[in-house]
Amino acid sequence: MRPWSREVWRIGLLGAAGSLVGWLFSAPGLGLAVGLAACLAYHLRQLHALRNWLIRRPHDEPPAAAGLWGDLFDRLYRYQKGQRHTQGRLQATLKRIQESSEAMRDSVVMLDPHGDLEWWNSAAEAMLGLEPAHDRGQHITNLIRDPRFVAYFNARAYREPLTLTSPVDERRVLQFQITLYGDDERLVMARDITRLHRLEEMRRDFVANVSHELRTPLTVLAGYLETYADTAELLPPRLAKGLGRMQEQTARMQNLVNDLLLLSRLEIDQGGEDHLALAMPELLARIQRDGEALSAGRQRITLSISEPRGLLGSEQEIHSALSNLLFNAVRYTGEGCRIELRWRPHPLGACLEVEDNGEGIDPIHLPRLTERFYRVDKGRSNATGGTGLGLAIVKHVLLRHDASLEIESHPGQGALFRCVFPAARLVALPATPPAPTAALAPASGTLSPSATPTRPD
Ligand code: ADP
């Protein structure tokens, strides 16, 4: 019989026995009450034993009991044992995780769903100045107060890491990376990248200094060569030819030095100070004219504007990036090709497109195209006066404008370079002469054709 049925039988029998004894004394009701009271007393005693066991000696064996209570005690005891086992395993795992995090040289900080500190390793104490005695339960932004960290933390877009100086030692540079896990909890990791940062700084300074130092001798060389070129007719033909080549190469080196200096400046400057609302129709019309001057009628360049808003950005930088894209299109497409410049709406905001129907690029080159000095065809790039830095400059300018570059191209089917600007970068322009909406006819060029785009100093 099952414990539960047995218990019901037991209560029934006790009640019946009590009634029978009571009946012998002519009081069956009283007998029944005494029988049931005995039952109640037994259950109260077992409840008391259960309470004592759970409160005072939860790790001991359960009190001895028979029937329903014995079964209950046994089940509770087994359940408790199982729980203790699982808890032990979890604790061991947690301990191992904590020990391995502790051994890490990077800071690891665990936050609860509110962003309050739950646990951190000792590297976090040294790097971030966290103190076990005071900081547990504090909100992370009360301890790392740098506005850039607060903005990064609140934005909840953690794909890219954030680089900051350490809150306890500003000579140390830290790279923060936040990961969301579990029930909206966050793991903040900080890595000391001081050495890497210094090396990167040294590389940038070196390139900037070398380029700067080369500028003056190159200007002197170019000046003398130009003077000699004025009297080239007096020189023997062999020397005159060499002079032309020297002028070409000096111009190439000057372009290279200028591009390197511009790239260093784009990397070093924080940017944002000279950002204005740019009227795109005027800016694009100017770039179109420069492109036509370089093309000298070999290609047809059209401009179309269907986005009425202007762009918040640096005129010099946007001019430089777009000139690079347009001048590339002119240099890498053949005679009679068509090049389109477009400023149009995009689901994310607006985009600037430069599309040509020239020779195109094999898609295998696309992922590396914006790397410095990466060229699909080195000979062709040199022959057209390329420095191999044009698209790297475009990428940096776009990065500084929160924009991205998309390239679509297939060999023989032309190339499309699309700069996508977020909506936050767009501004309504004061009412000025109406912006052109249809494709504009090519304007006549005023700029003397040059092999490379105008880039800001
Ligand atoms: P470069 O100074 O050599 O032009 P860029 O960084 O501007 O350097 O361009 C990198 C490479 O991308 C170029 O060498 C060229 O092969 C390729 N490229 C750029 N634009 C175009 C285009 N519109 N059509 C075909 N190839 C292009």
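**View A. Tryptophan 23 and its nonpolar neighbours at the surface.** In this predicted model, look for tryptophan 23 in helix H1, which covers residues 3-24. Is this side chain buried or exposed? Tryptophan 23 has a relative accessible area of 57%, and exposed means over 50%, so tryptophan 23 is exposed. Trp23 also belongs to a nonpolar patch on the surface, together with Leu20, Val21, Leu24 and Phe25. Together these residues have about 640 Å² of accessible area.

**View B. Helices H2 and H3 packed against each other.** Here you see helix H2, residues 28-56, beside helix H3, residues 67-103. Two packed helices are described by the angle between their axes and by the distance between those axes. For H2 and H3, the angle is about 15° and the axes are 11 Å apart. That angle makes H2 roughly parallel to H3, since angles under 35 degrees count as roughly parallel. The crossing of H2 and H3 is right-handed.

**View C. A salt bridge between helices H8 and H9.** This close-up centres on glutamate 267 and arginine 203, which form a salt bridge with their closest N and O atoms 3.3 Å apart. The pair links distant parts of the chain: glutamate 267 sits in helix H9 (residues 237-268) and arginine 203 in helix H8 (residues 194-230), 64 residues apart. Arginine 203 has a relative accessible area of 31% and is therefore partly exposed. For the wider picture, the count of salt bridges comes to 26.

**View D. Helix H9 again, now with helix H13.** Staying with H9, this view adds helix H13, residues 390-400. The axes of H9 and H13 come within 10 Å and cross at roughly 20°. How do the two helices run, roughly parallel or roughly antiparallel? At that angle, H9 is roughly parallel to H13. H9 passes H13 in a left-handed crossing.

**View E. Glutamate 371 and arginine 368 in a salt bridge.** The side chains of these two residues, glutamate 371 and arginine 368, meet at 2.9 Å, N to O. Glutamate 371 has 34% relative accessibility, so glutamate 371 counts as partly exposed. Arginine 368, at 42% relative accessibility, also counts as partly exposed.

**View F. Glutamate 408 and arginine 418, a salt bridge between two strands.** The closest N and O atoms of glutamate 408 and arginine 418 are 3.1 Å apart. Glutamate 408 lies in strand S11 (residues 404-409) and arginine 418 in strand S12 (residues 415-422), so the pair ties together parts that are 10 residues apart in sequence. What about the surroundings of each partner? Glutamate 408 is partly exposed, at 41% relative accessibility, whereas arginine 418 is buried, with a relative accessible area of 11%. If you follow the charges outward, both residues turn out to be members of a network of salt bridges. Arg338, Glu340, Arg342, Arg344, Glu353, Glu355 and Glu406 are linked in that network too.

**View G. Tyrosine 332 in the loop between helix H11 and strand S9.** Tyrosine 332 lies after helix H11 (315-331) and before strand S9 (338-346), in the loop between them. With a relative accessible area of 24%, tyrosine 332 is partly exposed. How far apart in space are tyrosine 332 and arginine 380? Although 48 residues separate them in sequence, tyrosine 332 and arginine 380 are 8.4 Å apart, C-alpha to C-alpha.

Key
Residues numbered from 1 in each chain as written. Predicted model: local features only at pLDDT ≥ 70, side-chain atom pairs only at ≥ 80, totals over all residues. Heavy atoms only, no water. Patch = residues over 30% accessible without salt bridge, like charges linked within 9 Å, V, L, I, M, F, W, Y side chains within 5 Å. Areas by Shrake-Rupley, 256 points an atom, 1.4 Å probe, with all protein chains shown as cover. Salt bridge = Lys/Arg side-chain N within 4 Å of Asp/Glu carboxyl O. Helix = DSSP H or I, 4+ residues; strand = E, 2+ residues; numbered from the N terminus. Buried < 20%, exposed > 50% of the residue type's maximum accessible area, 1.4 Å probe, protein only. Axes fitted to C-alpha atoms, helices over the stretch in contact; angles between N-to-C directions. Parallel < 35°, antiparallel > 145°, perpendicular 65-115°, else oblique. Left-handed = near helix turned anticlockwise from the far one by under 90°.
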